[in-house]
Amino acid sequence: MDKKNKICIGILGGGQLARMSAIQAYELGLDIAIIEKEFNSPAGQLTKFEYTGWMDDENVIAEFCNKADVVTLENEFIESEKLRHIEEHYHKKVIPSSKTIGLIQDKFIQKTTLKNNNIPVPKFIEVTSKSSYEEIKEVLGERFLLKSRVMGYDGYGNASVSNENEFREAYGRLSKRSDKLMAEAFVDFDKELAVMIVRTSKEIDAYPVVETIQENHICKIIIAPAEVDESIIQKVKRMAIDCVKAVEGYGLFGIELFLTKKNKILINEMAPRPHNSGHYTIEGCITPQFENHIRAVLDLPLGSTKMIKKYAVMINLLGKKTEDDKMKIYNECLKHKDVHLHIYGKASSRLGRKMGHITIVGNDLNKILSKAKSIEEKINL
């Protein structure tokens, strides 16, 4: 790295995760370069080093890599071969590496890797054009999930199947997104849990285990820490760390898990980046996930992952059918002295799109959860 200039971290993607990572980087006196398909992305609004284009535009990649000292990403949907091109042709360190991303971005490969490392996952099988409902039912049972192996998030690319007609409809719809599909056993869970793991060459640490509550397959509420037995907490952390090691991962990772009604823990999926389930850490923990993301990318000493108060509640502000004036939203939220409001700066809203979030920390979970829900219900973004 050129010691005469600021260190510059290049982020592939310019959404809210890149934006919040950039804010933490600036607090450490670092520069940020962003590459995104459209100009003035949420993260691009914060930097003069915004490159508009994508991974198939070699001129844009060359400019971006010329500025960046090290490269990271805000989603796992960039083909690992393109990341390898950055590593080998431009001699840039990518965190997480192209090898790690190659083991994660295809969910069938991800699950196979975890299973081969003796990490519990739901039963799953590959699905092709020759697969039939009856054949899959014999392995997974009458009810199962049909999933896109790549490009699936926030419920996109998933379909619940319980009969032949549903299978045919789901296969036809999902195969238009990608011809790579898999089927996974339906899990009768008690709670959905998540944990952030951060790793450098010298350290590995886990944030508190949280409960995630979904709305239409999109994460809506985070309760930190999850109200489960300490033995479950410790087992979740061990399993999550094992997941990161299984993919030879360095950087920041979000691990989602199921706690079944029989008290069994299964890995749902993992994401090699900051994660929605970790947004509460901005106000709720000594070191936010985004700061530890930046630290890990530069292989710096990690900050404490401990919580500041006993509880934190984070609620996503999802796009609704109507949209309020921004000043109305600010006044509705900020009149409450203990509410932390984050608006992501997205150009447009749509139903279910993550437009921002609110967080409240405190020592009375019922009180802060009830208050956060009441505020969110009054906001239209």
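## The enclosed cavity

In this predicted model, the largest cavity is lined by Glu 76, Phe 77, Ile 104, Gln 105, Lys 107, Gln 110, Val 150, Met 151, Gly 152, Glu 269 and Met 270. Two elements, H5 and S15, give two or more residues to that lining. By residue type, the lining splits into five nonpolar, three polar and three charged.

How many cavities of 30 Å³ or more does a search of the whole structure find? There is one. The volume of the largest cavity comes to about 70 Å³.

## An open pocket

Let's turn to a pocket. The second largest pocket holds about 200 Å³ of space. Its lining is made up of 13 residues, and those closest to the pocket centre are Glu 79, Gln 105, Asp 106, Val 150 and Lys 180. Sorted by type, the lining has five nonpolar, three polar and five charged residues.

Gln 105 and Val 150 may look familiar: they also appear in the lining of the largest cavity.

## The nonpolar core

The largest nonpolar core contains 31 residues, and Val 195, Ile 255, Ile 267 and Met 270 have the most contacts inside it. At least two core residues come from each of helix H5 (107-116), strand S10 (189-199), helix H8 (230-246), strand S14 (251-260) and strand S15 (265-271). H8 provides the largest share, with nine residues.

Met 270 is a handy residue to follow, as it belongs to this core and also lines the largest cavity. Beyond its neighbours within four places in sequence, Met 270 is in contact with Ile 104, Gln 110, Leu 114, Cys 243, Val 244, Val 247, Phe 253, Gly 254 and Ile 255.

## A lysine inside the fold

Is Lys 147 buried or exposed? With a relative accessible area of 3%, Lys 147 is buried, because buried means under 20%. This lysine sits in strand S7 (residues 144-148), and its side chain makes a polar contact of 3.0 Å with the side chain of Glu 184.

Leaving out residues up to four places away in sequence, Lys 147 touches Lys 111, Gly 157, Asn 158, Leu 174, Lys 180, Leu 181, Met 182, Glu 184, Asn 268 and Glu 269. Among them, Lys 180 is one of the residues closest to the centre of the second largest pocket, while Glu 269 lines the largest cavity.

## Leu 365 and helix H12

Leu 365 lies in helix H12 (residues 365-377) and counts as buried at 9% relative accessibility. Apart from residues up to four places away in sequence, Leu 365 touches Ile 223, Glu 227, Tyr 311 and Val 313.

How far apart in space are Leu 365 and Met 355? They are 10 residues apart in sequence, and their C-alpha atoms are 25 Å apart.

Methods: Residues are numbered from 1 along each chain as its sequence is written. This is a predicted model: local features need pLDDT of at least 70, side-chain atom pairs count only at pLDDT 80 or more; totals for chains, interfaces and linings use all residues. Side-chain values use heavy atoms; hydrogens and water are left out. A nonpolar core is a set of buried Ala, Val, Leu, Ile, Met, Phe, Trp, Tyr and Cys residues joined through side-chain atoms within 4.5 Å. Buried means under 20% relative accessible area, exposed over 50%, partly exposed in between (1.4 Å probe, protein chains only). Helices (H or I, at least four residues) and strands (E, at least two) are DSSP runs, numbered from the N terminus. Contact means heavy atoms within 4.5 Å. On a 1 Å grid over the protein atoms alone, a cavity is a set of points where a 1.4 Å probe fits but cannot get out, and a pocket is an open set with protein on both sides within 12 Å along at least five of seven lines; lining residues have an atom within 4 Å of a point. Grid points are joined across faces, edges and corners, and a volume is the space filled by probe spheres set on the points. Ala, Val, Leu, Ile, Met, Phe, Trp, Tyr, Cys and Pro count as nonpolar, Asp, Glu, Lys and Arg as charged, and the others, Gly among them, as polar. A polar contact is a pair of N or O atoms within 3.5 Å; within protein, one must be able to donate a hydrogen and the other to accept it, and residues adjacent in sequence count only if both atoms are side-chain atoms.
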